[in-house]
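Here are some exercises to work through with the sequence and the model side by side. Try each task on your own before reading its solution.

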Amino acid sequence: MMAAEKDEQILAMIKSGGNPERGYRMLMDAYQLPLYRHIRRMVQSHEDADDVLQNTFLKVFRNIANFEERSSLYTWIFKIASNEAFTFIKKNNRHAAFFDKGENADELESRSVSTSQLNGEQIREMLHVAMEYLPVRQKQVFSLRYFEEMDYRQMSAVLETSEGALKASFHHAVKKIEDFIKSKNLY
Amino acid sequence: MEDLRDELKNIGSRLDPAGKNESWDIPEGYFGEMQNMVLVQLHESKSNRPNVNLRNLRSGLYAVSGIAAMLILAFGIWFFAERSHSIDPAGIQELDQDQVYAYLEENIDEISLDMLMTDKQMESEILFDQPQSEEDWDVLLEDVDLHDLNNIF
């Protein structure tokens with residue numbers, strides 16, 4: 001089944017009021033993994049990601065009756081998740097700004113750099129360490145574009161930013177990550 | 001995917017989109033527990049939410065507004081009544097001279113001087129001065145009945 005058709009089925013199930021709980025579970029089944037990954041890239045710890053993910057789904061279910069389907073369900077849900085993650089980071093001051101290390105960056109960094117021959121997993125860890133140095137909005141842009149491969153039109157709806165600004169932001173994020181990895185002599 | 005590869009190539013990045021797996025593990029059974037938690041919280045918030053009927057709310061607002069308007073009106077009446085009472089307690093300012101004279105003529109038998117004058121005015125009133133001449137005495141005793149005088153003494 002195509003994603004759009006599945007979204008329509010989920011919405012009909014929830015909005016008709018016949019069996020909303022089944023609709024809620026279908027929606028969570030469809031979106032929990034990509035949302036969890038997106039949120040986890042922002043907040044880093046599983047416990048924080050769990051908090052934000054639960055809040056995201058609660059907000060989605062409480063407002064889905066008012067969802068006017070001007071955008072796709074996928075875009076709408078990612079928008080809520082991005083805002084929830086952003087609010088959580090700001091509230092808990094757990095955002096790792098550029099040159100301001102995140103809470104587990106040291107551990108990952110030392111683990112990654114201590115090995116001269118890096119395997120695929122260590123390179124991925126290094127990428128996540130580098131992401132820790134990005135400002136939160138830039139991190140969101142990088143996550144949506146690089147990991148979720150979302151197109152700029154959708155990203156623009158999710159982050160409420162112009163496509164041009166998003167392209168520039170992604171460009172800067174990639175450059176910062178490259179510079180970080182180069183500075184660790186990984187290239 | 002091709003768009004992303006091209007874009008990264010243009011930026012000059014060597015980040016390989018193929019190696020995008022995450023470096024963390026998700027605890028086993030996490031999503032099932034998370035779904036249950038979300039649904040429990042959703043049901044709790046729905047059952048705790050007060051059932052607000054807009055129609056009831058509107059009639060309640062009308063009732064509160066009505067009571068408030070009545071209180072304001074009552075206070076306004078009381079306030080202006082107090083104010084006018086303190087300025088002109090007997091409402092004398094509203095009477096013209098002819099009305100006062102007419103009233104006095106009609107009720108002259110029932111009105112005593114102390115109703116019309118203050119104590120100071122009474123003391124200074126010439127009528128209470130000692131009569132100066134026999135004529136004054138005659139005027140004062142003109143209507144006096146001897147029988148009344150006997151009762152006094």
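**Exercise 1.** Classify Lys15(A) by its relative accessibility, then find what its side chain pairs with.

*Solution.* Start with accessibility in this predicted model. Lys15(A) has a relative accessibility of 36%. Buried would need a value under 20% and exposed one over 50%, so Lys15(A) counts as partly exposed.

Next, look for the partner. The side chain of Lys15(A) meets that of Glu69(A) in a salt bridge, at 3.6 Å from N to O. Now place the two residues: Lys15(A) belongs to helix H1 (residues 3-16) of chain A, while Glu69(A) sits in the loop between H3 and helix H4 (73-92) of chain A, so the pair ties together parts that are 54 residues apart in sequence. Glu69(A), at 44% relative accessibility, is partly exposed as well.

**Exercise 2.** Stay in the loop between H3 and H4 of chain A and describe the setting of Arg70(A).

*Solution.* First, Arg70(A) is found in that loop. Second, its relative accessible area is 76%; because the cut-off for exposed is over 50%, Arg70(A) is exposed. Third, the side chain of Arg70(A) is joined to that of Glu68(A) by a polar contact of 2.7 Å.

**Exercise 3.** Compare the settings of two further salt bridges in chain A, Glu132(A) with Lys139(A) and Lys175(A) with Glu178(A).

*Solution.* Take the distances first. Glu132(A) and Lys139(A) meet at 3.7 Å, N to O, and the closest N and O atoms of Lys175(A) and Glu178(A) are 3.9 Å apart. A salt bridge requires such atoms within 4 Å.

Then check burial. Both Glu132(A) and Lys139(A) are buried. In the other pair, Glu178(A) is buried, with a relative accessible area of 2%, whereas Lys175(A) is partly exposed at 31%.

Finally, consider position. Lys175(A) and Glu178(A) are 3 residues apart in helix H9 of chain A, and so are separated by about one helical turn. An α-helix has 3.6 residues a turn, so residues three or four places apart point the same way.

**Exercise 4.** What do the buried residues of H3(A) pack against?

*Solution.* Begin with the helix itself: H3(A) has 18 residues and spans 26 Å from first C-alpha to last, close to the 26 Å expected at 1.5 Å a residue. Next, pick out its buried residues, among them Val52(A), Leu53(A), Phe57(A), Leu58(A) and Phe61(A), and also Asp48(A) and Asp50(A). The buried residues pack against H2 and H4 of chain A together with helix H2 (30-48) of chain B. This last neighbour leads to the final exercise.

**Exercise 5.** Describe the contact between chain A and chain B, beginning with how many residues each chain contributes.

*Solution.* Chain A gives 37 residues and chain B gives 35 residues. The area buried between the chains is about 3500 Å², with carbon and sulfur atoms giving 61% of this area.

Now count the links. Between the chains there are 10 residue pairs in polar contact and 1 salt bridge. Glu7(B) forms a salt bridge with Arg145(A), where the closest N and O atoms are 2.8 Å apart.

To finish, sort the side of chain A that touches chain B. H2, H3, H6, H7 and H9 of chain A each supply at least two of its residues, and H2(A) gives the largest share, 11 residues. By class, this side has 18 nonpolar, 5 polar and 14 charged residues.

Note on methods. Residues are numbered from 1 along each chain as its sequence is written. Chains are lettered from A and ligands numbered from 1 in the order in which they are written. This is a predicted model: local features need pLDDT of at least 70, side-chain atom pairs count only at pLDDT 80 or more; totals for chains, interfaces and linings use all residues. Side-chain values use heavy atoms; hydrogens and water are left out. Contact means heavy atoms within 4.5 Å. Buried area is the accessible area (1.4 Å probe) that two parts lose on being put together, summed over both. A polar contact is a pair of N or O atoms within 3.5 Å; within protein, one must be able to donate a hydrogen and the other to accept it, and residues adjacent in sequence count only if both atoms are side-chain atoms. Helices (H or I, at least four residues) and strands (E, at least two) are DSSP runs, numbered from the N terminus. Ala, Val, Leu, Ile, Met, Phe, Trp, Tyr, Cys and Pro count as nonpolar, Asp, Glu, Lys and Arg as charged, and the others, Gly among them, as polar. Buried means under 20% relative accessible area, exposed over 50%, partly exposed in between (1.4 Å probe, protein chains only). The expected span of a helix is 1.5 Å times one less than its number of residues.
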